Amino acid sequence: MKNNKTVKTHELSVTAADLYHVCELSGLKFTSTDEIEGISEHIGQSRAMKALKFGVDIKHEGYNLFALGSTGLGKHTTVKEHLEEQAKHAEAAFDWCYVNNFEHPHKPMVLKLPKGIGRKLQQDMQQFVLDILAAIPAAFESDEYHSAFQALHDEYVRREDSALEEIAAKAESNNIVMLRTSTGWNLGPKNKDGKAMQPEEFQKLPDEEKQAITQVVEEMQDDLKRLLLKIPVWQKETRQKVKQLNREVTHTTVTHFSEELQANYAELESVKAYIEKSKQDIIDNVELFRKYGAEKKAGNQTPSNFPEEFTGYQVNVLVDNGQTEGAPVIFEDNPTYQNLIGRIEHIAQFGTLITDFSLIKPGAVHLANGGYLVLDARKVLTSPYAWEGLKRILRSREVKIESLEQVLSLASTTSLQPEPIPVDVKVVLTGSRLLYYLLKQYDQEFDLLFKVAVDFSEDMERDDSSMGLYVRLIATLQKQNNLLSLDKSAVERVIEHSSRMAQDSEKLSLHMGHLADLLKEADYWAREVGRSQVQREDVQKVIDSRLERMDQIRDRVQEAILRGTYLVKTSGEEVAQVNGLSVIQLDDYAFGRPSRITATARLGSGKVIDIEREVELGGPTHSKGVMILSSYLAYRYAKERPLALSASLVFEQSYGMIEGDSASAAELCALLSALAEVPLKQSLAVTGSVNQHGEIQAIGGVNEKIEGFFDICSARGLTGEQGVIIPSSNVKHLMLKASVVQAVERGEFAVYAVTRIDEILALLSGIEAGVADEKGHYPQDTFNAKVAQRVEKLTQLQEEYAASKNSDKSRSRKKH
């Protein structure tokens, strides 16, 4: 079976130096991070910072921002620092207040005030009302008021007395007595003694005299009735005069205080107008103030706190920017509908919910008005109606406080309808790239409202110029978190691990959260052993302990392989069987798992059956990789004739979804082995994607895949024959753990980098793959020659079968 030509495996071997790119900081003169100057710039994020500056500076409508990138990149911190710096130089934001609408109390009015004026106006109005509460009772108890009131009363009394005297005089002249009783006035004739004539005396008078007296009494009664009808009118006129007097006294008293108050806000017409309306309402409701004053006087109390009865004259300071330097920067961690747009609270009183303008509470949009609002996009989208509410605000450029019941027309009860507040706010959403592109795809309004994408980089170049910056970044994080300093060896190990996190030996991860966590945990382990500095061993302890905490599932998988539950061979040779490599991802933890891939080949119509796809366990990318195999077979071995074979491929003992095309090279090797009937080494595992021309393409998770197979081989005992075949384009991604590198250095394990499928076939079979000549023929006894011969044989069988079938049909027709 072996070809007399030796396969040059050493030419494909990856050296130990390429398996792990060691960090050397000999060019930087420092012994610990205490000697390193911190850094304020955001390294590796120049694209994001330019976009952030552009989005913040541009003032046109719709230029809100979406900061996108994976968790841990420092999006939130970067945005916060930039916005807070910009806010210092921005124009001061306004104060916003709600006040009572005295004409329509259910429609509170809004006041837009300069910074710090809202709280001052609130205090001034409270003092104004307290002053009025004290001044009005005093004004009505003054001698001037009592004199004026008494004058009006005396005038009424004089008017009434004068009219009565006139009737009394007329009665006297007609010898009639006019007496006041408990039931009113009585009129009757006088007797000779000048007293009221008794009925017996009156009856003794002559009829003519009685008739004359009766006529006079009736006339006097009519005059008295007319007088009595005038008295209520005079009383009403007097009450009107008293009311006018009260109004004048109130007006004089209130005006004295209101003019002084209005003078303090001479440049704010809206405030002056509100104070004037408050004054008029106080004048119209002066009795409420007099009653309150009388009650306090009766109890010997003076108003100290603001009385609840006069809440209508308060100022509800919705937003107070008095202590804000520049523009506000608001981070809303719980962006529910109410937390964004505000709410109207209610108070339970005697079993009834009541509310007024003083119970209007602000939302994050109010607080950020004139500045910047930062929100987590996922939280906004998962809070019911919050996303629609936010978009409505950005479209209309005003915030209208409405309950969800009103928005959804679920409530018909009358509630407050606060005047909308105009909004000038820059919104910054933070979220993942997937979320950003989903919104762009499925929300038509998203592009109109969030026109600036701030895309944070996941990594940066690992070169001499960036290394110094990264060291300064490590020193900055160490000092910010008050951690032990790191010596140079620890810094080097942190940088090496950063490349591993970036899955690229030529890159450095920019996940600030992960980097900070690494330093915090290294600080912990250093203190545990009593060190004053973090050393390389402490950083390695962090990495090892993290793996140990998450290793249970990996250990179970490897145990199943080692116990023979999962069938994976690491020695010997098998036809149509290859060790493929896959990665199991569990959140931010991943590990490699070897899998047996098998193939069968037989006479057929050129179809390669993907069993995983047939049972719906294969994803579209995996199915694409399998379909490429049939194209490769036809292109390579049957250019000028039909491909007369059928084949099947399967991941043995796979019970879940399989996705990705990283096993397509291994699948092709298994298929070609089935055709050529050439056994393949089970001591080698294969990963890589193959295209229609047989070129091997890069895959992901290469470190985990290599380490996963190495762990199995190491547990069974390294023989020097085991190894992993990877695409050469993945060599730059290698940052393998120390045990793998050391095994390669000792010659106990190998990593091969290949560019074409022929190189994999040669490594797995031990014989040359063979290169076709100008006529398309392969050298004898090469792998490709054996495949071509099998394909040719299958083609001949198909032709013979077709000829035999046609002959049978011909004989059948002749018999008929």
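**Entry 1: S20 and its partners**

I began with strands S20 and S25, which run parallel and are joined by two bridges. I looked for a bridge partner of Asn 579 and found Ala 685 in S25. I keep in mind that this is a predicted model.

Next I followed S20 to S21. Strand S20 covers residues 577-586, and 10 bridges join S20 to S21 in the antiparallel sense. I picked out one facing pair: Ser 582 stands opposite Arg 593 in S21. The two strands form a hairpin, with two residues between them. I checked the turn as well. Asp 587 sits there, with a positive phi of about 60°.

**Entry 2: Arg 602**

I stayed with S21, which spans residues 589-603 and holds Arg 602. Is Arg 602 buried, partly exposed or exposed? Its relative accessible area is 34%, so I noted Arg 602 as partly exposed. I then looked at Arg 602 and Leu 675, which are 73 residues apart along the chain. Their C-alpha atoms are separated by 8.1 Å.

**Entry 3: S25, S28 and S29**

I returned to S25, residues 684-686. S25 pairs with S28 over three bridges, in the parallel sense. Val 686 has Ile 725 in S28 as its bridge partner.

How many residues of S28 are buried? I found five of five, so I wrote down S28, residues 723-727, as mostly covered.

On to S29, residues 750-754. S28 and S29 run parallel, with five bridges between them. Here Ile 726 stands opposite Ala 753 in S29. I traced the chain from S28 to S29 and passed through helix H26, residues 738-745. This β-α-β crossover is right-handed.

**Entry 4: Aromatic pairs**

I searched the whole structure for aromatic pairs and got 16. One of them is Tyr 292 with Phe 310. The ring centres are 5.4 Å apart, and the angle between the planes is 90°. That pair is edge-to-face. Which parts of the chain does the pair tie together? Tyr 292 lies in helix H9, residues 286-298. Phe 310 lies in the loop between H9 and strand S6, residues 315-319. The pair therefore ties together parts that are 18 residues apart in sequence. Both Tyr 292 and Phe 310 are buried.

My second pair was Trp 387 and Phe 450. Why is this pair called stacked? The ring planes meet at 20°, and the centres are 6.0 Å apart, so the pair counts as stacked. The cut-off for stacked is under 30 degrees. Trp 387 is in helix H13, residues 386-396. Phe 450 is in the loop between helix H16, residues 446-449, and strand S16, residues 452-455. The two residues are 63 apart, and the pair links distant parts of the chain.

I checked burial here too. Trp 387 has 8% relative accessibility, so Trp 387 counts as buried. Phe 450 has 1%, so Phe 450 counts as buried as well. Trp 387 and Phe 450 also belong to a cluster linked by ring pairs. Its other members are Phe 66, Tyr 436, Tyr 437 and Phe 446.

**Entry 5: Lysines over rings**

I looked for charges over rings. The charged end of Lys 112 sits over the ring of Phe 94, 4.3 Å from the ring centre. Lys 541 lies over the face of Trp 525, at 4.9 Å from the ring centre.

**Entry 6: Arg 493**

I turned to helix H18, residues 488-502, where Arg 493 lies. Is Arg 493 buried or exposed? Its relative accessible area is 9%, so I marked Arg 493 as buried. What does Arg 493 contact, leaving aside neighbours within four places in sequence? I listed Tyr 20, Arg 536, Val 539, Gln 540 and Ile 543.

**Entry 7: Cysteines**

I looked for disulfides and found zero. I still checked two cysteines. Cys 669 has 0% relative accessibility, so Cys 669 counts as buried. Cys 713 is at 0% too, so Cys 713 counts as buried.

**Entry 8: The whole chain**

I finished with totals. The chain has 28 helices and 29 strands. Of its 816 residues, 48% are buried. I also looked at contacts with a separation of 6 or more. Residues 24 or more positions apart account for 77% of them.

Notes:
Residues are numbered from 1 along each chain as its sequence is written. This is a predicted model: local features need pLDDT of at least 70, side-chain atom pairs count only at pLDDT 80 or more; totals for chains, interfaces and linings use all residues. Side-chain values use heavy atoms; hydrogens and water are left out. A disulfide is a pair of cysteine sulfur atoms within 2.5 Å. Buried means under 20% relative accessible area, exposed over 50%, partly exposed in between (1.4 Å probe, protein chains only). Rings of Phe, Tyr and Trp (its six-membered ring) pair if their centres lie within 6.5 Å; planes under 30 degrees apart count as stacked, over 60 as edge-to-face and the rest as tilted. Helices (H or I, at least four residues) and strands (E, at least two) are DSSP runs, numbered from the N terminus. A charge sits over a ring if NZ of Lys or CZ of Arg is within 6 Å of the ring centre and within 35 degrees of the ring normal. Two strands pair if DSSP finds at least two bridges between them. A crossover is right-handed if, with the strands pointing away from the viewer, the path from the first strand over the helix to the second runs clockwise. Contact means heavy atoms within 4.5 Å.
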